[in-house]
Each structure stands twice: as structure tokens, then as C-alpha cells.
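Please open the structure in your viewer and keep the selection tool at hand. This tour goes from one selection to the next and says what there is to see at each stop.

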Amino acid sequence: LRNLIFISAIPFVIFFFLAPMLFPLIFGEKWSDAGYYAQILTPMFFMQFVTSPLSNMFQISNKQKQDMNWNVALFLALSGSILLGFYLNDFSFMLHIFSVSYTIMYGLCGWMTYKYSRGSRKVLI
């Protein structure tokens with residue numbers, strides 16, 4: 001976990017701040033909105049990059065039920081984000097809520113896999 005954070009933190013932080021400038025520069029002015037969207041989604045991709053390789057801990061620690069519960073909660077959070085954005089007719093707001101929900105859920109996944117790797121017997125979800 002530490003190594004993944006150490007390896008990826010600087011590139012993700014740099015991309016977060018430079019994405020709105022890089023997309024129009026590399027792809028043309030028509031892609032400026034994509035740079036803004038990439039900036040919004042960067043924390044989500046960072047958290048997924050860090051925690052996804054550790055998700056096998058659910059199987060290793062025999063916590064498939066907790067993994068299923070987490071996946072259902074992730075589905076509901078992301079579906080709710082999309083529906084809320086659709087209801088409010090605000091794509092930018094939807095992306096923000098989607099990214100925040102995803103980041104929180106993958107943070108929870110990281111915390112759970114860390115606890116399971118330490119031998120915690122408690123059911124966390």
C-alpha cells in the first residue's frame with residue numbers, strides 16, 4: 001500500500017493540476033472540457049490505482065460476503081450519483097459526486113483490505 005501510494009502520488013498530483021492545460025495543448029482546443037473532466041476524476045483513479053491490487057485480500061481472508069456487500073454499496077453510490085446528476089440536469093455536478101463517491105468507496109475498500117491483512121476477525125461491513 002505504501003509503495004503504491006509512493007509511486008503514484010506525485011504523477012497523479014501533477015496530472016490533477018495540469019490536466020486542464022494539457023488536454024487542449026495535446027489534443028486541441030475542442031478537448032479543453034475533457035481536461036476539466038479528467039481533473040475531476042483524477043482522485044477517483046488514484047484511489048482505484050492504489051487499492052485495486054489489494055482487493056484480493058477479500059478472497060485470501062475468506063471475506064467474500066464483505067466484498068459482495070462493498071460492491072453492492074459501490075453500485076448504489078455510483079448509481080445514485082448518476083441519477084442525482086441526471087435529475088438536477090448538471091453533468092459537472094454529477095461527475096463531482098461520482099468521483100467523491102468512488103473515492104470514498106475505494107478508500108473504504110483500502111481500509112478493509114488493510115484490516116483483513118492484519119488479521120482482523122471483525123466483520124467490517
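Begin by selecting helix α1, residues 2-27, together with α2, and look along the pair: in this predicted model, the two helices pack at an angle of about 170 degrees, and their axes are 7 Å apart. An angle over 145 degrees counts as roughly antiparallel, so α1 is roughly antiparallel to α2.

Now show the side chains where these two helices meet. On the α1 side the contact includes L4, I5, S8, A9, F12 and F15, and on the α2 side it includes S32, A34, G35, Y36, A38 and Q39. Further residues of this contact, among them F16, F23 and P24 of α1 and F45, F46 and V50 of α2, can be added to the selection. If you colour the contact of α1 with α2 by class, you will find 19 nonpolar residues, 5 polar ones and no charged ones. While α1 is still on the screen, select F15, F23, F27 and W31, which together form one aromatic cluster.

Before going on, zoom out to take in the whole chain. There are 5 helices and 0 strands, and reading along the sequence gives the pattern α-α-α-α-α. The C-alpha trace spans about 55 × 35 × 15 Å along its principal axes. Of the 125 residues, 30% count as buried. Among contacts between residues at least 6 apart in sequence, 68% join residues at least 24 apart.

The next stop is helix α4, residues 64-88. Helix α4 has 25 residues and reaches 36 Å from its first C-alpha to its last, which is close to the 36 Å expected at 1.5 Å a residue. Which residues of α4 are buried? Select Q66, D67, W70, L74, L78, S81 and G85, since these are the buried ones; what covers them includes α3, residues 57-60, and α5.

For a contrast within the helix, pick L83, which also lies in α4 but counts as exposed because its relative accessibility is 57%. If you draw a distance from L83 to K65, the two are 18 residues apart in sequence and 27 Å apart in space, C-alpha to C-alpha. Then step just past the end of the helix to N89, which follows α4 and has a positive phi, near 55 degrees.

Keep α4 selected and add α5, residues 91-117. The helices α4 and α5 pack at an angle of about 170 degrees, with 8 Å between their axes, and that angle makes α4 roughly antiparallel to α5. The residues that make this contact include W70, L74, L78, S81 and G85 of α4, and F98, S101, Y102, M105 and Y116 of α5. By class, the contact of α4 with α5 has 19 nonpolar, 4 polar and no charged residues.

Stay in α5 and select S99. Is S99 buried or exposed? S99 counts as buried because its relative accessibility is 4%. Leaving aside residues up to four places away in sequence, S99 touches I40, L41, P43 and M44, so it is worth showing these side chains as well.

The last stops are aromatic pairs, of which the structure holds 12. Select Y37 and F91, whose rings lie 5.1 Å apart, centre to centre, with 80 degrees between the planes, an edge-to-face pair. This pair links distant parts of the chain, with Y37 in helix α2, residues 32-51, and F91 in helix α5, 54 residues apart. Both rings belong to residues that are partly exposed, Y37 at 28% relative accessibility and F91 at 47%.

Finally, select F98 and Y102, whose ring centres are 6.0 Å apart and whose planes are at 25 degrees, so this pair is stacked. Here the partners are 4 residues apart in helix α5 and are therefore separated by about one helical turn. An α-helix has 3.6 residues a turn, so residues three or four places apart point the same way. F98 is buried, with a relative accessible area of 18%, and Y102 counts as buried at 11% relative accessibility.

Technical notes. Residues are numbered from 1 along each chain as its sequence is written. This is a predicted model: local features need pLDDT of at least 70, side-chain atom pairs count only at pLDDT 80 or more; totals for chains, interfaces and linings use all residues. Side-chain values use heavy atoms; hydrogens and water are left out. Rings of Phe, Tyr and Trp (its six-membered ring) pair if their centres lie within 6.5 Å; planes under 30 degrees apart count as stacked, over 60 as edge-to-face and the rest as tilted. Buried means under 20% relative accessible area, exposed over 50%, partly exposed in between (1.4 Å probe, protein chains only). Axes are lines fitted to C-alpha atoms, for helices over the stretch in contact, and angles run from 0 to 180 degrees between N-to-C directions. Angles under 35 degrees count as roughly parallel, over 145 as roughly antiparallel, 65 to 115 as roughly perpendicular and the rest as oblique. Contact means heavy atoms within 4.5 Å. Ala, Val, Leu, Ile, Met, Phe, Trp, Tyr, Cys and Pro count as nonpolar, Asp, Glu, Lys and Arg as charged, and the others, Gly among them, as polar. The expected span of a helix is 1.5 Å times one less than its number of residues.
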